[in-house]
Amino acid sequence: MRKPVIIGVGAVPVGEHWRTSLRDMAVEALLNAMEDAGVDKVDSLYVGNMASGSFIEQENLGALIADFAGLGNIPAVKIEAACASGGAAVQEGVKAVMSGLEEVVAVVGVEKMTDAWPSDGTRYLGYAADSEYELFHGASFVALNALIMRLYMKEYGYTEEDLAHFAVNAHINGAKNPYAMFKRPIKLETVLRSPYISDPIKLFDASPMCDGAAAVIITTEEKAKEFVDKAKMVEVAGMGRAIDTINLANRKELLTLKAAKVAAEKAYKMAGIEAKDIDLFEIHDAFTIMAALSLESIGIAKRGEGVKLAKEGQIAIDGDYPIQTLGGLKSRGHPVGATGVYQTVEAVWQLRGESPNQVPDPEIALTQNIGGTGSNITISILRRV
(Lines give C-alpha, C1' and ligand atoms only; values in the text may rest on other atoms or scores of the structure.)
Protein backbone atom coordinates (compact mmCIF):
# COMPACT_ATOMS: atom_id res chain seq x y z
CA MET A 1 0.00 0.00 0.00
CA ARG A 2 1.26 3.50 -0.84
CA LYS A 3 2.82 5.47 2.02
CA PRO A 4 1.00 8.81 2.56
CA VAL A 5 3.06 11.82 3.62
CA ILE A 6 2.25 15.42 4.41
CA ILE A 7 4.56 17.76 2.52
CA GLY A 8 2.98 21.16 3.09
CA VAL A 9 1.11 22.95 5.86
CA GLY A 10 -0.46 26.37 6.22
CA ALA A 11 -2.73 28.28 8.56
CA VAL A 12 -4.12 31.66 9.50
CA PRO A 13 -4.09 32.98 13.08
CA VAL A 14 -7.15 31.99 15.08
CA GLY A 15 -9.28 34.87 16.31
CA GLU A 16 -12.29 37.04 15.62
CA HIS A 17 -11.88 37.84 11.94
CA TRP A 18 -14.51 40.52 11.49
CA ARG A 19 -13.11 41.77 8.19
CA THR A 20 -12.22 38.40 6.66
CA SER A 21 -14.66 35.95 5.10
CA LEU A 22 -14.65 32.17 5.38
CA ARG A 23 -13.51 31.81 1.79
CA ASP A 24 -10.66 34.28 2.26
CA MET A 25 -9.36 32.47 5.35
CA ALA A 26 -9.60 29.08 3.67
CA VAL A 27 -7.88 30.22 0.49
CA GLU A 28 -5.07 31.91 2.44
CA ALA A 29 -4.39 28.77 4.48
CA LEU A 30 -4.57 26.60 1.36
CA LEU A 31 -2.18 28.74 -0.68
CA ASN A 32 0.23 28.86 2.27
CA ALA A 33 0.23 25.06 2.39
CA MET A 34 0.71 24.74 -1.36
CA GLU A 35 3.64 27.15 -1.23
CA ASP A 36 5.15 25.20 1.66
CA ALA A 37 4.80 22.00 -0.37
CA GLY A 38 6.14 23.52 -3.58
CA VAL A 39 3.08 22.50 -5.59
CA ASP A 40 1.00 24.65 -7.93
CA LYS A 41 -1.91 22.25 -8.45
CA VAL A 42 -3.72 19.45 -6.63
CA ASP A 43 -5.92 16.58 -7.74
CA SER A 44 -8.72 17.15 -5.23
CA LEU A 45 -9.80 19.20 -2.23
CA TYR A 46 -11.43 18.03 1.00
CA VAL A 47 -12.91 20.71 3.25
CA GLY A 48 -13.48 20.04 6.95
CA ASN A 49 -16.35 22.16 8.25
CA MET A 50 -19.10 21.66 10.78
CA ALA A 51 -21.79 24.28 10.36
CA SER A 52 -21.17 26.86 7.63
CA GLY A 53 -24.83 26.65 6.60
CA SER A 54 -25.87 27.80 10.06
CA PHE A 55 -23.05 30.21 10.93
CA ILE A 56 -22.76 32.05 7.58
CA GLU A 57 -25.58 30.59 5.42
CA GLN A 58 -23.11 29.05 2.97
CA GLU A 59 -22.79 25.43 1.92
CA ASN A 60 -21.05 23.82 -1.08
CA LEU A 61 -17.69 24.80 0.41
CA GLY A 62 -15.72 22.50 -1.86
CA ALA A 63 -16.71 24.45 -4.94
CA LEU A 64 -16.51 27.80 -3.13
CA ILE A 65 -12.93 27.37 -1.94
CA ALA A 66 -11.54 25.52 -4.96
CA ASP A 67 -13.03 28.16 -7.25
CA PHE A 68 -11.57 31.13 -5.39
CA ALA A 69 -8.20 29.39 -4.99
CA GLY A 70 -8.01 28.91 -8.75
CA LEU A 71 -7.72 25.12 -8.53
CA GLY A 72 -9.63 24.44 -11.73
CA ASN A 73 -12.17 21.70 -12.38
CA ILE A 74 -11.06 19.35 -9.62
CA PRO A 75 -13.36 17.32 -7.36
CA ALA A 76 -13.95 19.17 -4.09
CA VAL A 77 -16.27 18.27 -1.22
CA LYS A 78 -17.10 19.24 2.33
CA ILE A 79 -16.59 16.65 5.09
CA GLU A 80 -18.79 16.98 8.19
CA ALA A 81 -18.33 15.06 11.44
CA ALA A 82 -19.33 17.75 13.95
CA CYS A 83 -16.27 19.14 15.76
CA ALA A 84 -14.22 16.24 14.32
CA SER A 85 -14.77 17.46 10.76
CA GLY A 86 -11.17 18.59 10.36
CA GLY A 87 -9.70 15.30 11.54
CA ALA A 88 -12.13 13.39 9.33
CA ALA A 89 -11.22 15.53 6.29
CA VAL A 90 -7.51 14.82 6.81
CA GLN A 91 -8.21 11.11 6.96
CA GLU A 92 -10.34 11.23 3.80
CA GLY A 93 -7.48 12.97 2.03
CA VAL A 94 -5.03 10.33 3.22
CA LYS A 95 -7.30 7.52 2.06
CA ALA A 96 -7.60 9.11 -1.40
CA VAL A 97 -3.81 9.10 -1.74
CA MET A 98 -3.41 5.59 -0.34
CA SER A 99 -6.03 4.25 -2.74
CA GLY A 100 -4.05 5.33 -5.78
CA LEU A 101 -6.94 7.35 -7.21
CA GLU A 102 -5.25 10.67 -6.47
CA GLU A 103 -1.62 11.74 -6.27
CA VAL A 104 -1.64 15.16 -4.58
CA VAL A 105 -4.52 16.10 -2.29
CA ALA A 106 -5.32 19.30 -0.40
CA VAL A 107 -7.25 19.38 2.87
CA VAL A 108 -8.60 22.59 4.38
CA GLY A 109 -10.35 22.94 7.72
CA VAL A 110 -12.29 26.16 8.18
CA GLU A 111 -14.98 27.67 10.38
CA LYS A 112 -16.36 31.22 10.67
CA MET A 113 -18.20 31.39 13.98
CA THR A 114 -18.09 34.98 15.21
CA ASP A 115 -20.51 36.41 12.65
CA ALA A 116 -23.33 34.74 14.61
CA TRP A 117 -24.80 35.98 17.89
CA PRO A 118 -23.30 33.99 20.80
CA SER A 119 -26.71 32.53 21.68
CA ASP A 120 -27.16 31.34 18.10
CA GLY A 121 -23.61 29.97 18.04
CA THR A 122 -24.35 27.95 21.18
CA ARG A 123 -27.40 26.50 19.44
CA TYR A 124 -25.47 25.65 16.27
CA LEU A 125 -22.77 23.84 18.26
CA GLY A 126 -25.53 21.92 20.00
CA TYR A 127 -26.48 20.38 16.67
CA ALA A 128 -23.61 17.97 17.32
CA ALA A 129 -25.68 16.46 20.14
CA ASP A 130 -29.01 14.64 19.81
CA SER A 131 -31.49 17.29 18.68
CA GLU A 132 -34.62 15.31 19.52
CA TYR A 133 -33.55 13.67 22.79
CA GLU A 134 -31.20 16.30 24.25
CA LEU A 135 -31.48 19.77 22.73
CA PHE A 136 -35.28 19.68 22.62
CA HIS A 137 -35.28 19.32 26.40
CA GLY A 138 -32.99 22.31 26.93
CA ALA A 139 -29.61 20.61 27.30
CA SER A 140 -26.92 22.77 25.70
CA PHE A 141 -23.65 21.29 24.49
CA VAL A 142 -21.84 22.90 27.44
CA ALA A 143 -24.39 21.47 29.87
CA LEU A 144 -23.87 17.95 28.56
CA ASN A 145 -20.12 18.23 29.14
CA ALA A 146 -20.83 19.68 32.59
CA LEU A 147 -22.81 16.55 33.49
CA ILE A 148 -19.81 14.41 32.57
CA MET A 149 -17.42 16.63 34.54
CA ARG A 150 -19.67 16.55 37.62
CA LEU A 151 -19.82 12.75 37.52
CA TYR A 152 -16.05 12.46 37.00
CA MET A 153 -15.30 14.62 40.05
CA LYS A 154 -17.79 12.66 42.17
CA GLU A 155 -16.51 9.27 41.00
CA TYR A 156 -12.80 9.97 41.51
CA GLY A 157 -12.76 12.65 44.19
CA TYR A 158 -11.30 15.48 42.13
CA THR A 159 -12.02 19.20 42.48
CA GLU A 160 -12.50 21.98 39.97
CA GLU A 161 -8.98 23.15 40.82
CA ASP A 162 -7.56 19.77 39.86
CA LEU A 163 -9.03 19.94 36.37
CA ALA A 164 -7.96 23.57 35.97
CA HIS A 165 -4.36 22.39 35.53
CA PHE A 166 -5.23 21.43 31.95
CA ALA A 167 -6.24 25.01 31.12
CA VAL A 168 -3.10 26.44 32.74
CA ASN A 169 -0.86 24.11 30.73
CA ALA A 170 -2.64 25.00 27.49
CA HIS A 171 -2.18 28.73 28.02
CA ILE A 172 1.49 28.35 28.92
CA ASN A 173 2.06 26.65 25.57
CA GLY A 174 -0.29 28.88 23.61
CA ALA A 175 1.61 31.95 24.74
CA LYS A 176 4.41 30.86 22.41
CA ASN A 177 2.15 30.25 19.41
CA PRO A 178 1.86 33.18 16.98
CA TYR A 179 -1.31 31.59 15.56
CA ALA A 180 -3.06 31.30 18.94
CA MET A 181 -6.09 33.36 19.89
CA PHE A 182 -4.95 33.73 23.50
CA LYS A 183 -1.22 34.34 23.92
CA ARG A 184 -1.07 34.83 27.68
CA PRO A 185 -0.12 32.38 30.41
CA ILE A 186 -2.71 32.11 33.18
CA LYS A 187 -2.69 30.96 36.78
CA LEU A 188 -4.94 28.50 38.57
CA GLU A 189 -6.64 31.44 40.28
CA THR A 190 -7.62 32.83 36.88
CA VAL A 191 -9.51 29.66 36.04
CA LEU A 192 -11.10 29.32 39.45
CA ARG A 193 -12.28 32.95 39.58
CA SER A 194 -13.84 32.87 36.14
CA PRO A 195 -17.65 32.68 36.04
CA TYR A 196 -19.58 29.47 35.64
CA ILE A 197 -21.07 28.88 32.21
CA SER A 198 -22.58 25.54 33.23
CA ASP A 199 -21.65 24.36 36.73
CA PRO A 200 -19.01 22.97 37.25
CA ILE A 201 -17.59 24.22 33.92
CA LYS A 202 -16.21 27.74 34.20
CA LEU A 203 -15.36 30.15 31.41
CA PHE A 204 -11.67 29.17 31.54
CA ASP A 205 -12.50 25.45 31.41
CA ALA A 206 -13.91 25.97 27.92
CA SER A 207 -12.53 26.76 24.49
CA PRO A 208 -13.68 29.97 22.75
CA MET A 209 -15.86 30.61 19.73
CA CYS A 210 -13.59 31.88 17.00
CA ASP A 211 -12.64 31.87 13.34
CA GLY A 212 -9.78 30.11 11.60
CA ALA A 213 -8.50 27.98 8.75
CA ALA A 214 -5.64 25.51 8.36
CA ALA A 215 -4.52 23.31 5.47
CA VAL A 216 -2.27 20.38 4.59
CA ILE A 217 -1.00 18.90 1.33
CA ILE A 218 -0.83 15.10 1.16
CA THR A 219 0.87 12.87 -1.39
CA THR A 220 2.86 9.63 -1.57
CA GLU A 221 6.43 9.35 -0.34
CA GLU A 222 7.58 8.64 -3.90
CA LYS A 223 5.72 11.60 -5.41
CA ALA A 224 6.88 13.87 -2.57
CA LYS A 225 10.47 13.62 -3.81
CA GLU A 226 9.49 15.78 -6.78
CA PHE A 227 8.62 18.68 -4.49
CA VAL A 228 10.43 18.61 -1.13
CA ASP A 229 13.42 17.23 0.71
CA LYS A 230 12.97 14.28 3.06
CA ALA A 231 13.22 16.61 6.06
CA LYS A 232 9.87 18.18 5.15
CA MET A 233 8.00 14.87 4.84
CA VAL A 234 5.82 13.60 7.67
CA GLU A 235 4.20 10.18 7.29
CA VAL A 236 0.60 9.56 8.28
CA ALA A 237 1.47 6.20 9.78
CA GLY A 238 -1.82 5.22 11.37
CA MET A 239 -5.46 6.25 11.43
CA GLY A 240 -8.56 5.25 13.37
CA ARG A 241 -12.10 6.56 13.50
CA ALA A 242 -15.12 5.41 15.48
CA ILE A 243 -18.44 6.54 16.90
CA ASP A 244 -20.30 6.16 20.17
CA THR A 245 -23.96 6.82 20.94
CA ILE A 246 -24.87 10.36 19.95
CA ASN A 247 -26.78 11.00 23.19
CA LEU A 248 -25.46 10.47 26.68
CA ALA A 249 -28.55 8.65 27.97
CA ASN A 250 -27.87 5.69 25.68
CA ARG A 251 -24.19 5.45 26.57
CA LYS A 252 -23.25 2.46 28.69
CA GLU A 253 -20.28 4.25 30.27
CA LEU A 254 -20.11 8.03 30.61
CA LEU A 255 -16.55 8.24 31.89
CA THR A 256 -14.85 6.41 29.03
CA LEU A 257 -14.60 7.78 25.50
CA LYS A 258 -15.29 4.44 23.85
CA ALA A 259 -14.93 5.90 20.35
CA ALA A 260 -11.48 7.25 21.25
CA LYS A 261 -10.42 3.87 22.66
CA VAL A 262 -11.53 2.02 19.52
CA ALA A 263 -10.05 4.62 17.16
CA ALA A 264 -6.73 4.64 19.04
CA GLU A 265 -6.46 0.87 18.90
CA LYS A 266 -7.01 0.95 15.13
CA ALA A 267 -4.43 3.72 14.68
CA TYR A 268 -1.81 2.01 16.86
CA LYS A 269 -2.25 -1.25 14.98
CA MET A 270 -1.93 0.43 11.59
CA ALA A 271 1.19 2.32 12.67
CA GLY A 272 2.71 -0.70 14.43
CA ILE A 273 3.22 1.17 17.69
CA GLU A 274 1.98 1.35 21.27
CA ALA A 275 0.82 4.38 23.22
CA LYS A 276 4.16 4.52 25.07
CA ASP A 277 5.98 5.14 21.77
CA ILE A 278 4.30 8.52 21.19
CA ASP A 279 6.31 11.68 21.88
CA LEU A 280 3.54 14.31 21.89
CA PHE A 281 -0.24 14.48 21.88
CA GLU A 282 -2.55 17.05 20.33
CA ILE A 283 -5.80 16.03 22.02
CA HIS A 284 -9.24 17.62 21.92
CA ASP A 285 -9.59 19.83 25.01
CA ALA A 286 -12.78 21.70 24.11
CA PHE A 287 -13.43 21.39 27.85
CA THR A 288 -10.92 20.44 30.54
CA ILE A 289 -12.88 17.29 31.34
CA MET A 290 -12.40 16.09 27.76
CA ALA A 291 -8.63 16.41 28.14
CA ALA A 292 -8.70 14.10 31.16
CA LEU A 293 -10.97 11.54 29.51
CA SER A 294 -8.94 11.63 26.31
CA LEU A 295 -5.68 10.75 28.05
CA GLU A 296 -7.38 7.82 29.74
CA SER A 297 -9.19 6.58 26.64
CA ILE A 298 -6.15 6.54 24.36
CA GLY A 299 -4.13 4.52 26.85
CA ILE A 300 -1.82 7.14 28.36
CA ALA A 301 -3.39 7.15 31.81
CA LYS A 302 -5.38 4.58 33.74
CA ARG A 303 -9.05 5.21 34.27
CA GLY A 304 -9.57 8.10 36.67
CA GLU A 305 -5.90 9.14 36.58
CA GLY A 306 -5.76 11.56 33.63
CA VAL A 307 -5.97 14.51 36.01
CA LYS A 308 -2.97 13.22 37.96
CA LEU A 309 -0.77 13.68 34.88
CA ALA A 310 -1.80 17.33 34.75
CA LYS A 311 -1.29 17.95 38.46
CA GLU A 312 2.15 16.33 38.37
CA GLY A 313 3.30 18.40 35.37
CA GLN A 314 3.69 15.36 33.13
CA ILE A 315 1.65 16.99 30.36
CA ALA A 316 4.02 19.98 30.16
CA ILE A 317 6.24 20.54 27.13
CA ASP A 318 9.16 18.94 29.00
CA GLY A 319 7.04 16.25 30.66
CA ASP A 320 6.68 12.58 29.80
CA TYR A 321 3.40 13.19 27.96
CA PRO A 322 3.42 16.68 26.42
CA ILE A 323 -0.05 17.74 25.23
CA GLN A 324 -1.44 20.85 23.55
CA THR A 325 2.07 21.94 22.63
CA LEU A 326 0.82 25.12 20.94
CA GLY A 327 -2.15 25.77 23.20
CA GLY A 328 -4.73 23.25 22.07
CA LEU A 329 -8.36 24.22 21.64
CA LYS A 330 -8.31 26.17 24.90
CA SER A 331 -5.57 28.67 24.05
CA ARG A 332 -5.03 28.39 20.28
CA GLY A 333 -8.79 28.38 19.84
CA HIS A 334 -11.44 26.02 18.51
CA PRO A 335 -12.85 27.03 15.12
CA VAL A 336 -14.67 23.74 15.16
CA GLY A 337 -14.38 22.39 11.61
CA ALA A 338 -10.78 23.57 11.37
CA THR A 339 -9.50 22.20 14.69
CA GLY A 340 -8.44 18.76 13.47
CA VAL A 341 -6.41 20.34 10.67
CA TYR A 342 -4.75 22.81 13.05
CA GLN A 343 -3.77 19.83 15.21
CA THR A 344 -2.23 18.17 12.17
CA VAL A 345 -0.33 21.31 11.17
CA GLU A 346 1.05 21.70 14.69
CA ALA A 347 2.11 18.04 14.86
CA VAL A 348 3.90 18.42 11.52
CA TRP A 349 5.76 21.49 12.80
CA GLN A 350 6.87 19.49 15.83
CA LEU A 351 8.08 16.52 13.81
CA ARG A 352 9.95 18.79 11.39
CA GLY A 353 11.58 20.62 14.29
CA GLU A 354 9.92 23.89 13.24
CA SER A 355 7.58 24.48 16.17
CA PRO A 356 7.75 27.77 18.11
CA ASN A 357 7.36 25.62 21.25
CA GLN A 358 9.46 22.61 20.34
CA VAL A 359 9.32 19.20 22.00
CA PRO A 360 12.90 17.81 22.06
CA ASP A 361 13.53 15.61 19.01
CA PRO A 362 10.10 13.99 18.58
CA GLU A 363 9.56 11.09 16.18
CA ILE A 364 5.87 10.23 16.65
CA ALA A 365 2.84 12.44 17.32
CA LEU A 366 -0.84 11.72 17.92
CA THR A 367 -3.78 13.93 17.00
CA GLN A 368 -7.24 13.32 18.42
CA ASN A 369 -10.33 15.19 17.21
CA ILE A 370 -13.70 14.79 18.98
CA GLY A 371 -17.14 15.41 17.53
CA GLY A 372 -20.11 15.85 19.85
CA THR A 373 -19.77 14.64 23.42
CA GLY A 374 -17.44 11.89 22.24
CA SER A 375 -19.82 10.50 19.62
CA ASN A 376 -17.48 10.82 16.60
CA ILE A 377 -13.71 10.64 17.13
CA THR A 378 -10.67 10.51 14.87
CA ILE A 379 -7.14 9.48 15.86
CA SER A 380 -4.15 9.95 13.58
CA ILE A 381 -0.53 8.91 14.12
CA LEU A 382 2.11 11.04 12.42
CA ARG A 383 5.73 9.92 12.14
CA ARG A 384 8.91 11.63 11.05
CA VAL A 385 10.18 10.14 7.79
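**Reading the interface between two domains**

User: How many residue pairs are in polar contact between domain 1 and domain 2?

Analyst: In this predicted model, 14 residue pairs, both members at pLDDT 80 or more, are in polar contact between domain 1 and domain 2.

User: Which elements supply the side of domain 1 that touches domain 2?

Analyst: Four elements, β1 (4-11), α4 (85-99), β4 (105-112) and β7 (211-220), each contribute at least two residues to that side of domain 1. The greatest contribution comes from α4, with ten residues. By residue class, the side of domain 1 that touches domain 2 comprises 28 nonpolar, ten polar and five charged residues.

User: How many salt bridges cross the interface of domain 1 and domain 2?

Analyst: To count as a salt bridge, a side-chain nitrogen of Lys or Arg must lie within 4 Å of a carboxyl oxygen of Asp or Glu. Two salt bridges are found across the interface of domain 1 and domain 2. As a worked case of the rule, R241 pairs with E92 in a salt bridge, with 2.7 Å between the closest N and O atoms.

User: Where do the two domains lie in the sequence, and how many residues does each bring to the contact?

Analyst: Domain 1 covers 4-117 + 209-231, and domain 2 covers 235-384. The contact involves 43 residues of domain 1 and 31 residues of domain 2. Taken over C-alpha atoms, the centres of the two domains are 21 Å apart.

User: What area is buried between domain 1 and domain 2, and what share do carbon and sulfur atoms give?

Analyst: About 2600 Å² is buried between the two domains, and carbon and sulfur atoms account for 67% of that area.

Key
Residues numbered from 1 in each chain as written. Predicted model: local features only at pLDDT ≥ 70, side-chain atom pairs only at ≥ 80, totals over all residues. Heavy atoms only, no water. Domains from an automatic or database assignment. Contact = heavy atoms within 4.5 Å. Buried area = accessible area lost by both parts, 1.4 Å probe. Polar contact = N/O pair within 3.5 Å; in protein donor to acceptor, adjacent residues only side chain to side chain. Nonpolar A, V, L, I, M, F, W, Y, C, P; charged D, E, K, R; others polar.
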